[in-house]
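Work through the exercises below with the sequence and the model side by side. Try each task before you read its solution.

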Amino acid sequence: MRLLALLAVVALAVTGCSASDPARPGVLSAGIREPATLLPADVTDQAGRLVTGALWTPLADYDAATGKVTPRAAESIESTDRVRWTVKLRPAKFHDGTPVTAQSYVDTWKAIAGEQWASSAVLTKLLRAREITAPTPDTITLVLDRPSGQVPAVLSAPGLVPLPASVLASHDWAGFAKAPVGNGPYRLEGPWRPGSGGTLKRVGSGKAEEIDLRVGDPAAQYDAVKAGTLDIATEVPGEKHDAMHTDFGDDHHATWALPRAGYLAFPVTNPRFADPTVRHGFALGIDRGALEAGPLAHQVDPAKALLPPADAPGERSGTCRPCSFDAAAGKALLQQASFPGGATVYFAPSTEAWTRTLVVGLHKSLDVSVTAQPAPGAADGPSTLDVSLATASPYELLSLLASASGYTDEVFRQNLALADAAATPEEAGELYRLAENQLLRDLPVAPLWSGHGHAVWSSRAHDVTTTPFTGPVLAGIGLS
């Protein structure tokens, strides 16, 4: 018995929590997965965004639905001609005590573009500035290669936050990712502990004095919140999806849209898929509910529109026709187009599981031979896409989808350019809708699903809010 007791103590020391651990005043405990990286410009996963969202403050927040810009690290982002933009910064310091200046952003953005991190396309393909300078310590000036009203949305990207001069000089990106230094409301106490987590200390406007981030299995974290030994679990596994509604009630769980979506892209230059009728036939033959409940494990919603909720301007209602499952209509469209039958759907490693379920469903619903294969260098058939967005601007996703399918319609291109140049969010939203509707009509890509996140929290935590890019806003969570 004495040996068993000793083993239990050791086990609790390894896991870092137990049912008898008292909640510490002012300390929020949060369960997360292991982040892929804590280098903000290279983050694409939910856990990484959650942590870097507490360590850094972006220039602004941007609401895709309304076009509203809320300045954060920036005091203002303004332009009189939409070509020359001026960003005024609020006074701020990095966690190492050095000042955050306009040059910090200029040098960071130069590094991002040069290192080809995940956010590099935000600068090279979306912002497209001919010149970025820091005329004064609190002023960034950008001169674009064309008029663009999307600059506030682009600069709100969480990957464009500044890095301190020390790492910009050393280029020790791997070392910095283990012990990141940001400009946000919390700093990391000591280096990140892979497989275990880290401790965030409040240095700004956060509510909790300290945040204890614990890396672990989402199912175990869910049970820990239910038992009262963890304040919040930031991911809910599929098997707990239905239970969370009764286990936690409406005011202790949340679901939010993620900047992530899945598509089936058709090679429109391939004669077998050049007819939109064929593409619509395939789209109607897809049982999106089977993907959501099967390999995607309730972590997504079946698509109702081309743009996912995290990226869509304006309110949406209803389901687009190509987003519907109608096997009989899909089969009829293929017969109408005299589709010869047989198709290979190509996948990347990240999409293999749900692609195989997709092709089995297509084979059954359309009564044609459909197989799945890893994507070669140049695919000659449809391909599945798992898109993770870096910004809330529809321009990023619409241009990406057109490029992935080889769609080059001139009217579509003009509408995208006009939306980018639009003077107001309302005007841009209308033009993005036109571009989206054209893609739904010609269907070079079929929308399949949009990602969403889940969180559950104990009665001790309150004021939990979420955003598409950070998930639960850790700095805003209060404790009883």
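The exercises go from the whole chain to single residues.

This is a predicted model, in which local features need pLDDT of at least 70 and side-chain atom pairs count only at pLDDT 80 or more, while totals for chains, interfaces and linings use all residues. Residues are numbered from 1 along each chain as its sequence is written, and side-chain values use heavy atoms, with hydrogens and water left out.

**Exercise 1. The whole protein**

Task: Find how the radius of gyration of the protein agrees with that of a compact globule.

Solution. Start with the rule: 2.2 Å times the number of residues to the power 0.38, with the radius taken over C-alpha atoms. For 480 residues, a compact globule would come near 23 Å. The protein has 24 Å, so the two agree. Next, the box: along the principal axes, the C-alpha atoms fill roughly 70 × 70 × 40 Å. Then count elements, where helices (H or I, at least four residues) and strands (E, at least two) are DSSP runs numbered from the N terminus. The protein has 16 helices and 21 strands.

Now turn to burial. Buried means under 20% relative accessible area, exposed over 50%, and partly exposed in between, with a 1.4 Å probe and protein chains only. Of the 480 residues, 52% are buried. The exposed surface is about 20,600 Å², and carbon and sulfur atoms supply 55% of it; such areas come from the Shrake-Rupley method with a 1.4 Å probe, and for residues only the protein chains shown count as cover.

**Exercise 2. A four-stranded sheet**

Task: Work out the strand order of the open sheet that four strands form.

Solution. Two strands pair if DSSP finds at least two bridges between them. Following the pairs gives the order β4-β5-β7-β6, with antiparallel pairing. The edges are β4 (74–79) and β6 (129–136), each pairing on one side only. From one strand to the next, the twist averages 15°. Axes here are lines fitted to C-alpha atoms, for helices over the stretch in contact, and angles run from 0 to 180 degrees between N-to-C directions.

Look closer at one edge. β4 and β5 (residues 84–89) are joined by five bridges. Ser 76 faces Lys 88 in β5. Last, add the helix: α3 (residues 102–115) packs on the sheet and touches β5, β6 and β7 (139–144). Contact means heavy atoms within 4.5 Å. The direction of α3 makes about 155° with that of β6.

**Exercise 3. An enclosed strand**

Task: Explain why strand β12 (residues 253–265) is described as largely enclosed.

Solution. Count its buried residues: 10 of 13, so the rest of the structure largely encloses β12. Then list partners. With β17 (residues 445–457), β12 pairs in the antiparallel sense over 10 bridges. Here Ala 254 stands opposite Ala 455. With β16 (residues 383–388), β12 shares six bridges, also antiparallel. There Ala 261 stands opposite Val 387.

Now pick a residue in β17: Ser 450. Its relative accessibility is 9%, so Ser 450 counts as buried. Beyond four places in sequence, Ser 450 touches residues including Arg 260 and Ala 261.

**Exercise 4. Aromatic pairs**

Task: Classify the ring pair of Trp 56 and Phe 176.

Solution. Rings of Phe, Tyr and Trp (its six-membered ring) pair if their centres lie within 6.5 Å; planes under 30 degrees apart count as stacked, over 60 as edge-to-face and the rest as tilted. The count by this rule is 11 aromatic pairs. For Trp 56 and Phe 176, the centres are 6.2 Å apart and the planes stand at 55°, so the pair is tilted. Trp 56 lies in the loop between α2 (46–55) and β2 (60–62), and Phe 176 in helix α7 (residues 173–178), so the pair ties together parts 120 residues apart in sequence. Trp 56 is buried at 2% relative accessible area, and Phe 176 is buried at 6%.

Compare Tyr 105 and Trp 109. This pair is edge-to-face, with 5.8 Å between centres and 65° between planes. Both residues lie in helix α3, four residues apart, about one turn of the helix. Both are buried. Finally, ring pairs link Phe 266, Phe 273, Phe 282 and Phe 339 into a cluster.
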